[in-house]
Amino acid sequence: METGAIPDGDLTGGFDAYLTIESGQTYRWTRSDGRLYAADPSADAWYELAIDGEVIRVRPTGDGLEWRSTTDADPIIRRALRLDDDLERIVDAAPDDPLIQAAYEAHRGLRLVRDPPFDTLISFICSAQMRVERINTMVSTLAREYGTAIEFDGRTHHDFPTPDQLATATESDLRDLGLGYRAPYVVDTARMVADGEAHPADAAELPYEEAREYLTRFVGVGEKVADCVLLFSLGFDEAVPLDTWIRKAIAATYPECDRGSYAETSRAIRDRFGGEYAGYVQTYVFHALRTGTLSV
DNA sequence: CGCCAGGCCTTAC
DNA sequence: GTAAGGCATGGC
């Protein structure tokens, strides 16, 4: 076992593990107390991630983070939780707007995540018309049933399935696991990636709007899910997924941004949210509205 | 019971 | 290109 720590001084602008991991961006982490999304997280619980054949356990301390892992987890944690982002600068750059400022103020330390592209693609295909708690259940089920088991510290963890592993599933299998009408989407998309027809990581090379179009070739991926993959996996910080909560905010607070089509409305709200880091703003506003911290 | 959840697909115009 | 209807499932 390797262990280490990331001092508070490295986390410019702060870091809140609960807000970052339990705000509906990532479905790859579990919590050692089994109470993910509980309103009162126990302070001494570990967040746990199985990725690329390794297991990482992380928890906040009074001075930053401590971790235990099968490997040197420092670079993996920094990348996955974007700990090297200058969050202070990002917050300072946010537009002077009441809703945006209130959302940032309410959730200090919330960072964007960076998950593997295939994992994110499948996770957000599952997200259609589904609450975040149940998305997490679906993704955990896929990992348990199709992902590689890894033993660490006396417990079994499951990596997210590779395209090849997930492509062995049938629509019927996934319906039996509770995925509903998303089952054929997941199977077809996994096969597309496994067969080498396309890979979500390839979108990273394209300009933002072309990248979004590229991702819609996968079955079950429309513009909204594509935006989530771009934002939570591929580093397109300007992406603003237009989900039900952001659409409520547009209708109530930014009606002039409703331009009818997804593409045009997306451009308008992206500009209103400050452009370069509009996706950061979106994630704060989404979380504030979804949890009822703020309302519009 | 009805409504909703980080929507997408097919079909029709 | 846009609009309408169908689609699984579980919580409230």
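How many nonpolar, polar and charged residues are in the lining of the largest pocket? The legends below take up that question along with the rest of this predicted model.

**Figure 1. The whole of chain A, as a predicted model.**
Let's start with the full chain before moving in. Chain A is built from 14 helices and 7 strands. Its radius of gyration is 19 Å, close to the 19 Å that the globule rule gives for 296 residues, so chain A is as compact as a globular protein of that length. Along the principal axes, the C-alpha atoms of chain A fill a box of roughly 55 × 45 × 35 Å.

**Figure 2. The largest pocket and its lining.**
Here is the reply to the opening question: the lining has 12 nonpolar, 9 polar and 6 charged residues. The pocket holds about 580 Å³ of space. Its lining is made of 27 residues, and M130, D243, T244, W245 and F286 are the ones nearest the centre. Two or more lining residues come from each of α6 (132-146), α11 (223-232), α12 (244-253) and α14 (278-291). Why does the largest pocket lie between domain 1 and domain 2? Both domain 1 (2-83) and domain 2 (84-104 + 114-296) give residues to the lining, so the pocket lies between them.

**Figure 3. The second largest pocket, with α6 in its lining.**
This pocket has a volume of about 300 Å³. It is lined by 17 residues, and those closest to its centre are T30, S140, A143, H157 and H158. Two or more lining residues are given by each of β3 (47-51), α6 and β7 (155-158). Which of the elements gives the largest share of this lining? That is α6, with 5 residues. By class, the lining divides into 7 nonpolar, 6 polar and 4 charged residues. Domain 1 (2-83) and domain 2 (84-104 + 114-296) each supply at least three residues to the lining of the second largest pocket.

**Figure 4. The protein surface near DNA strand B.**
Now for the DNA. DNA strand B is surrounded by 28 residues, with G24, R131, V132, G222 and Q282 the closest. Of the atoms of DNA strand B that come within 4 Å of the protein, 54% belong to sugar and phosphate. This surface has 15 nonpolar, 7 polar and 6 charged residues.

**Figure 5. Polar contacts to DNA strand B, from backbone and side chain.**
Take the phosphates to begin with: a polar backbone atom of V132 is 2.4 Å from a phosphate oxygen of DNA strand B. A polar backbone atom of G220 is 2.8 Å from a phosphate oxygen of this strand. What does the side chain of D243 approach on DNA strand B? An N or O atom in the D243 side chain is 3.4 Å from a base nitrogen; D243 is also among the residues nearest the centre of the largest pocket. The elements that give two or more residues to the surface near DNA strand B are α11, α12 and α14. Of these, α11 gives the most, with 4 residues.

**Figure 6. The protein surface near DNA strand C.**
Around DNA strand C you will find Q129, M130, R131, R134, R175, G178, G180, Y181, R182 and S261. By class, these residues divide into 2 nonpolar, 4 polar and 4 charged. Of the strand's atoms within 4 Å of the protein, 60% belong to sugar or phosphate, and the rest belong to bases.

**Figure 7. Arginine side chains at DNA strand C.**
Which parts of DNA strand C do R131, R134 and R175 approach? For R131, an N or O atom in the side chain is 2.6 Å from a base nitrogen. For R134, an N or O atom in the side chain is 2.8 Å from a base oxygen. R175 turns up at the phosphate instead, with a polar side-chain atom 2.8 Å from a phosphate oxygen. R131 is also listed among the residues closest to DNA strand B.

Conventions. Residues are numbered from 1 along each chain as its sequence is written. Chains are lettered from A and ligands numbered from 1 in the order in which they are written. This is a predicted model: local features need pLDDT of at least 70, side-chain atom pairs count only at pLDDT 80 or more; totals for chains, interfaces and linings use all residues. Side-chain values use heavy atoms; hydrogens and water are left out. A residue is near a molecule or strand if one of its heavy atoms lies within 4 Å of it. A polar contact is a pair of N or O atoms within 3.5 Å; within protein, one must be able to donate a hydrogen and the other to accept it, and residues adjacent in sequence count only if both atoms are side-chain atoms. Ala, Val, Leu, Ile, Met, Phe, Trp, Tyr, Cys and Pro count as nonpolar, Asp, Glu, Lys and Arg as charged, and the others, Gly among them, as polar. On a 1 Å grid over the protein atoms alone, a cavity is a set of points where a 1.4 Å probe fits but cannot get out, and a pocket is an open set with protein on both sides within 12 Å along at least five of seven lines; lining residues have an atom within 4 Å of a point. Grid points are joined across faces, edges and corners, and a volume is the space filled by probe spheres set on the points. Domain bounds come from an automatic or database domain assignment. The radius of gyration is taken over C-alpha atoms; the globule rule is 2.2 Å times the number of residues to the power 0.38.
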